[in-house]
Amino acid sequence: MIKPEELRIGNYIRDIDSGRIGHVISIGEKKCTVKMPFSKLSQSYEEFEPIDIIEVWLLKLGFEQESMSYSNEKIRLYKLDDGWYRELWMNGSYGADPDYDIHDDEIPITSVHQLQNFTFALTGSELTIKEGK
C-alpha cells in the first residue's frame, strides 16, 4: 500500500494485482489514477505498491553506475544495508565531503517514488524515465 501523502503527480508506482507499472496522473482522497502503457487505472491506494529501487530503475531514471554508487548530474546514491543513502551535488561538484550526508539517523530511500520526491524537493527537477532506457 502507498500512503496518499507520499505521492505526487508523475510518481511511478505498481498495481499489486497485475504488477503493471505506471505514473500517477491524479490524486484523490480515497483513490488515485495511474496512466499505464495502454490504459488508465483508477483505484484505491491499497491496490498500489511502491517500486523498489534496483539497478534497472536507476539506469532508466538516468543514473550511471560508478564503483560504489550510482549518480546523475545532481545526486549520488550509495547502497547500504537498509536502503539507498544520498548525497546532493552543487554546481556540478559534490556539495560536501562524501561522508557528510550519510548519517545513521537519516531515513533511507527505498522506492522509486521516494527518490522522485527527494530529487524534486532538493533540485526542482522531475526525475522521469529517460528515452531509450
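Modeller: Let's start with a term: accessible areas come from the Shrake-Rupley method with a 1.4 Å probe. Keep in mind, too, that this is a predicted model.

Biologist: Fine. How much accessible surface does the chain have, and what share of it belongs to carbon and sulfur atoms?

Modeller: The total is about 7,800 Å², and carbon and sulfur atoms account for 52% of that. You can also look at it by residue: 38% of the chain's 133 residues count as buried.

Biologist: How many helices and strands should I look for?

Modeller: Look for two helices and 10 strands. Walking from the N terminus, you meet them in the order β-β-β-β-β-α-β-β-β-β-β-α. As for how the chain folds back on itself, take the contacts with a separation of 6 or more: 42% of them are between residues 24 or more positions apart.

Biologist: Take helix α2, then. What span should its 12 residues have?

Modeller: The expected span is 1.5 Å times one less than the number of residues. For α2 that comes to 16 Å, and the end C-alpha atoms are indeed 16 Å apart, so the two values agree. Just past the helix comes Gly 124, with a positive phi near 80°.

Biologist: Which residues of α2 are buried?

Modeller: Remember the cut-off: buried means under 20% relative accessible area. In α2 that applies to Val 112, His 113, Leu 115, Gln 116, Asn 117, Phe 118 and Thr 119.

Biologist: Next, the cores. Which members of the largest nonpolar core touch the most other members?

Modeller: Within this 15-residue core, they are Leu 58, Leu 61, Phe 63, Val 112 and Leu 115. At least two core residues come from each of α1 (55-60), β8 (75-80) and α2. The largest share belongs to α2, with three residues.

Biologist: Could we zoom in on one of those? What does Leu 61 touch?

Modeller: Leaving aside residues up to four places away in sequence, Leu 61 touches Tyr 12, Val 112, Leu 115, Leu 127, Thr 128, Ile 129 and Lys 130. There is another core apart from the largest one; it has 10 residues, including Leu 7, Ile 13, Val 24 and Phe 48.

Biologist: And charges? How many salt bridges are there?

Modeller: The general idea is that side chains of opposite charge can pair when their charged atoms come close. In this chain the count is two. One joins the side chains of Arg 8 and Glu 126, at 2.7 Å from N to O. Arg 8 sits in the segment before β1 (12-15) and Glu 126 in the segment after α2 (112-123), so this pair ties together parts 118 residues apart in sequence. Glu 126 is partly exposed, at 42% relative accessible area.

Biologist: Which residues form a salt bridge at 3.2 Å?

Modeller: Those are Arg 14 and Glu 49. Arg 14 belongs to strand β1 and Glu 49 to strand β5 (residues 48-49), so the bridge links parts that are 35 residues apart in sequence. Arg 14 is partly exposed at 21% relative accessibility, and Glu 49 is partly exposed at 26%.

Biologist: One last stop, Ser 71. Where is Ser 71 placed, and is Ser 71 buried or exposed?

Modeller: Find strand β7 (residues 69-71) and you'll find Ser 71. Its relative accessible area is 5%, so Ser 71 is buried. The side chain of Ser 71 also has a partner: a polar contact of 2.6 Å joins it to the side chain of Glu 66.

Key
Residues are numbered from 1 along each chain as its sequence is written. This is a predicted model: local features need pLDDT of at least 70, side-chain atom pairs count only at pLDDT 80 or more; totals for chains, interfaces and linings use all residues. Side-chain values use heavy atoms; hydrogens and water are left out. A salt bridge is a side-chain nitrogen of Lys or Arg within 4 Å of a carboxyl oxygen of Asp or Glu. Helices (H or I, at least four residues) and strands (E, at least two) are DSSP runs, numbered from the N terminus. Buried means under 20% relative accessible area, exposed over 50%, partly exposed in between (1.4 Å probe, protein chains only). Contact means heavy atoms within 4.5 Å. A polar contact is a pair of N or O atoms within 3.5 Å; within protein, one must be able to donate a hydrogen and the other to accept it, and residues adjacent in sequence count only if both atoms are side-chain atoms. A nonpolar core is a set of buried Ala, Val, Leu, Ile, Met, Phe, Trp, Tyr and Cys residues joined through side-chain atoms within 4.5 Å.
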